[in-house]
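Hi there,

Here is the structure I promised to pass on. Have a look at it first, and my notes follow underneath.

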Amino acid sequence: MQTNIRPEEVSHVLREQIRNYEGALDVDEIGEVVEVGDGIARVFGLDRCMYNELLELPNGVFGIAMSLEEDNVGVVLLGDDRLVREGHTVRRTGRIVEVPVGDAMIGRVVNALGQPIDGRGEVKTDRFRPVEIVAPGIVRRQPVCEPVQTGIKCIDAMTPIGRGQRELIIGDRQTGKTAIIIDTFINQKTENMICIYVAIGQKRSTIARIIKALDEAGALAYTIIVAASASEAAPCSIWRLTPVAPWARSSWPRANTS
């Protein structure tokens, strides 16, 4: 079978390909793990690494550059250090440690880096906020003028609590501290309140029971749960987050349990 190929058609196609050609150069700065131990890795080769920069390691482990020395970088591993070995490649992300924020976080269970761990897919948001920020001054802060009702009459009658006000619940184990918080969360159903529960060092079964209780009461729809359970690496517990943006709700109304 004979095919008629016109030279002008071939030349036209070649001209279009040359005209639309774009050269792209992708350069990544990578280093190499030279030592690992006790949740800390020493990395060689990241000469331009920034302090508090998020680094990507193999097996889904992330790290934070904390010690910038002349010939190596000390990295705090946010994950199991048994998955990181000498000779593994470390890749810069170019981003200071930050977490996703916004309405997409509401109703989700995330880890210390804001990554979802509830099996409901990724958090779809294009807004992020650095973990390490300078707290706003007293003058810039909004005054505490709106009350928060816990739903427990004896507490509401004796202890006035305001939105944005810090309250400390002290008591021995198994005395009902978490029960007060859960009841307070449930009582905010009609109060336009974002509730954030930060679980540090608790058993996963305990966190699962809290999630179930909030879900059954319909409170999970306006709650964010940040979990750093006892089975996770110790460095994950130091990043205590409140992953919610100030534009998400007016006046930062939230119940803070940290």
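Tyr197 has Ile225 as its bridge partner in strand 11. This is a predicted model, so please read what follows in that light. The strands behind that bridge, strand 10 (residues 194-200) and strand 11, are parallel and share six bridges. Together with helix 4 (residues 204-216), strands 10 and 11 form a right-handed β-α-β unit.

Strand 11 also pairs with strand 8 (residues 109-110): two bridges link them, again in the parallel sense. There, Val110 sits opposite Val226 of strand 11.

How much of strand 11 (residues 223-228) is buried? Six of its six residues are, so to speak, out of sight: the strand is mostly covered. That holds for both faces, with Thr223, Ile225 and Ala227 buried on one side and Ile224, Val226 and Ala228 buried on the other.

Back to Tyr197, since its ring may interest you too. The structure holds one aromatic pair. Its members are Phe185 and Tyr197, whose ring centres are 6.4 Å apart; the planes meet at 85°, which is over the 60 degrees needed, so the pair counts as edge-to-face. Phe185 belongs to helix 3 (residues 177-186) and Tyr197 to strand 10, so the pair ties together parts 12 residues apart in sequence.

Are these two rings' residues buried or exposed? Phe185 has 1% relative accessibility and therefore counts as buried. Tyr197, at 5% relative accessibility, counts as buried as well.

Best wishes

Conventions. Residues are numbered from 1 along each chain as its sequence is written. This is a predicted model: local features need pLDDT of at least 70, side-chain atom pairs count only at pLDDT 80 or more; totals for chains, interfaces and linings use all residues. Side-chain values use heavy atoms; hydrogens and water are left out. Buried means under 20% relative accessible area, exposed over 50%, partly exposed in between (1.4 Å probe, protein chains only). Helices (H or I, at least four residues) and strands (E, at least two) are DSSP runs, numbered from the N terminus. Two strands pair if DSSP finds at least two bridges between them. A crossover is right-handed if, with the strands pointing away from the viewer, the path from the first strand over the helix to the second runs clockwise. Rings of Phe, Tyr and Trp (its six-membered ring) pair if their centres lie within 6.5 Å; planes under 30 degrees apart count as stacked, over 60 as edge-to-face and the rest as tilted.
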